[in-house]
Structure formats: structure tokens, C-alpha cells
Amino acid sequence: MANAPAGDFYALKQEQVNQYLHDTIVVPEDLQANVMVTTLDKVYNWSRRTSMWPLLFGLACCAIEMIATAASRFDLARFGMEVMRPSPRQSDLMIVSGTVTKKMVPAIVRIYNQMAEPRYVLSMGACATGGGPFKEGYNVVSGIDKYIPVDVYVPGCPPTPEALIYGMMKLHEKVDRQSITKVPWYRKETSDAIPVPLLGPDIFDPRQVQLIKEYTLAKPESAADGEKRRGSGEKREAAAPVALSDAAKERIAQAKARAAAKRQTA
């Protein structure tokens, strides 16, 4: 292959470094081959953007497309992202790829809390973003952004590797716009870890425990209030449960004890 003219090489090199040059300071022409004036933000963001390590885990069919993105045909190595780490403490990017179930949310939040700052989240596919075709299912959450902050959403069911790469490029653009003086992980105040959701009859945020208690243990409405509400056209019945009495709690405890004794003698 014939070598390109020297002028083309220097023009290409200049085009690549233009985005990192300082806006107002001009380097003399005789020093431009050895000196480049830039800002700390641009160098800092360039180093983070070109060595962003994704977290290696997948939830459902979107993970297959994520694996294909890292294979030789699409080659994430050209973005410096070929190292998918198995440890959250060595990862910068969490790719939530697939259907997020209520059983999996506590583990995802716990892994996110273990990632060191700066950390980013990419929601891959319709399921991770809003529940997808399983949105009405009893065991699927309608979006991972209800539990952890999401930086980029990649639509599709599942998205193609090209779509995932485009989402990563958009994340790189976001990183380039950040300033070292404004990012939260360098401020004096520290951000608290996200409380791990609790999985009981349903999944809920432990910060909302008091609100849930006040709602579920509220006193039932009187007959007059109920008649007035029904007369106004509302169809929803009062569903506030009544707190158990001490006698009822005692009967439940005795029944549990009898069942435990029966299991031991069986």
C-alpha cells in the first residue's frame, strides 16, 4: 500500500487533537509539534472515557446482544472497554441487560453500591427501561431507574449491538461534558448509599416503611363516610386492614408451635 503524503498525516493528526486544544491559548508554530495546551477537564475526561470497564453480568436475552457487542465483529476494544470486570469494585459502567425481577433488584442495588465513583448505569432494552412485554407481570419491576440512577437508555427488544455501541458513545459524550469542579464524587459532601430494597409480599423501599405503616394501619372509614363515598360514584372499597388483637396473635403463635412440633416428630 502506498504511503500517504506527509501533509495528509499532519492534517489528520491536527484534526484529532483539535478537540483537546485550549480555546484561547495559542502555541507558537515552531513548538506545535511538541507542545499542546489543554485543560485538566479534557485530559481527565479523555482518560476516563477511553478506559471505561463494564461490569460483567447479564439478566436475560439482552445479555446475548451485549456479549455479541464485545465479540470480534463489533469489537469494544476500540473504545477501551474490552475488559469486562467480574468485580463491581473494578468497574465503571453497569449495563442492566434484560428483565429485572423483584427478586433481582436487591442484588442489583447492592452491586451498584459496591461500585466506586465515578460510576454510570446504562439501561439496555425495553425490559430494563420499563418492564417490556412483562410489565404487567407480578414479578417484574417497571424500570430499573426506580431503584438506581440511569445515565443512558438504549431502546429495543433486544437492542442490536450497533444500538448498544451508540448508547455507549452517548455515555462518552456525557463524560466529556463533565467538569472536575462540579462532579459529585469530588465534593465535600458524600452521597449516601442507596438503601437495598426489601423483598416481602412485594418489593419496597425501606425508606418508605413509615409511610406504608401509616397507610396500611389506618383506621377504616365509618359507615357514614362509606355511604357518602359510594354516593359520589367512587367504586373503590376501603381496603385498610385492621391490626391484629393480642388474642389473635397468641392463636397464631400456638398454631406455629404445633406445626413445628409436628415437623420434628415426623
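This short talk covers one helix pair and two buried residues in a predicted model.

I'll start with the helices. Two packed helices are described by the angle between their axes and the distance between the axes. Here the pair is H2, residues 40–49, and H6, residues 161–177. Their axes come within 8 Å, and the crossing angle is roughly 155°. Anything over 145 degrees counts as roughly antiparallel, so that is the label for H2 and H6. The handedness of the crossing is right-handed.

Which residues make the contact? From H2 they are Asn 45, Arg 48 and Arg 49. From H6 they are His 172, Val 175 and Asp 176. By class, that contact has three charged residues, two polar ones and one nonpolar.

Now take Asn 45 of H2 by itself. Is Asn 45 buried or exposed? Its relative accessibility is 1%, and the cut-off for buried is under 20%, so Asn 45 counts as buried. A polar atom of the Asn 45 side chain sits 3.3 Å from the backbone oxygen of Val 175. Leaving out residues up to four places away in sequence, Asn 45 touches Val 175, Asp 176 and Gln 178.

The second residue is Ser 123, which is in strand S2, residues 120–124. Ser 123 is buried too, at a relative accessible area of 0%. Its side chain has a polar atom 3.5 Å from the backbone oxygen of Ala 128. With the sequence neighbours up to four places away again left out, Ser 123 touches Val 96, Ala 128, Thr 129, Ile 144, Val 150, Val 152, Tyr 153 and Val 154.

How values were computed: Residues are numbered from 1 along each chain as its sequence is written. This is a predicted model: local features need pLDDT of at least 70, side-chain atom pairs count only at pLDDT 80 or more; totals for chains, interfaces and linings use all residues. Side-chain values use heavy atoms; hydrogens and water are left out. Axes are lines fitted to C-alpha atoms, for helices over the stretch in contact, and angles run from 0 to 180 degrees between N-to-C directions. Helices (H or I, at least four residues) and strands (E, at least two) are DSSP runs, numbered from the N terminus. Angles under 35 degrees count as roughly parallel, over 145 as roughly antiparallel, 65 to 115 as roughly perpendicular and the rest as oblique. A crossing is left-handed if the near helix is turned anticlockwise from the far one by less than a right angle, and right-handed if clockwise. Contact means heavy atoms within 4.5 Å. Ala, Val, Leu, Ile, Met, Phe, Trp, Tyr, Cys and Pro count as nonpolar, Asp, Glu, Lys and Arg as charged, and the others, Gly among them, as polar. Buried means under 20% relative accessible area, exposed over 50%, partly exposed in between (1.4 Å probe, protein chains only). A polar contact is a pair of N or O atoms within 3.5 Å; within protein, one must be able to donate a hydrogen and the other to accept it, and residues adjacent in sequence count only if both atoms are side-chain atoms.
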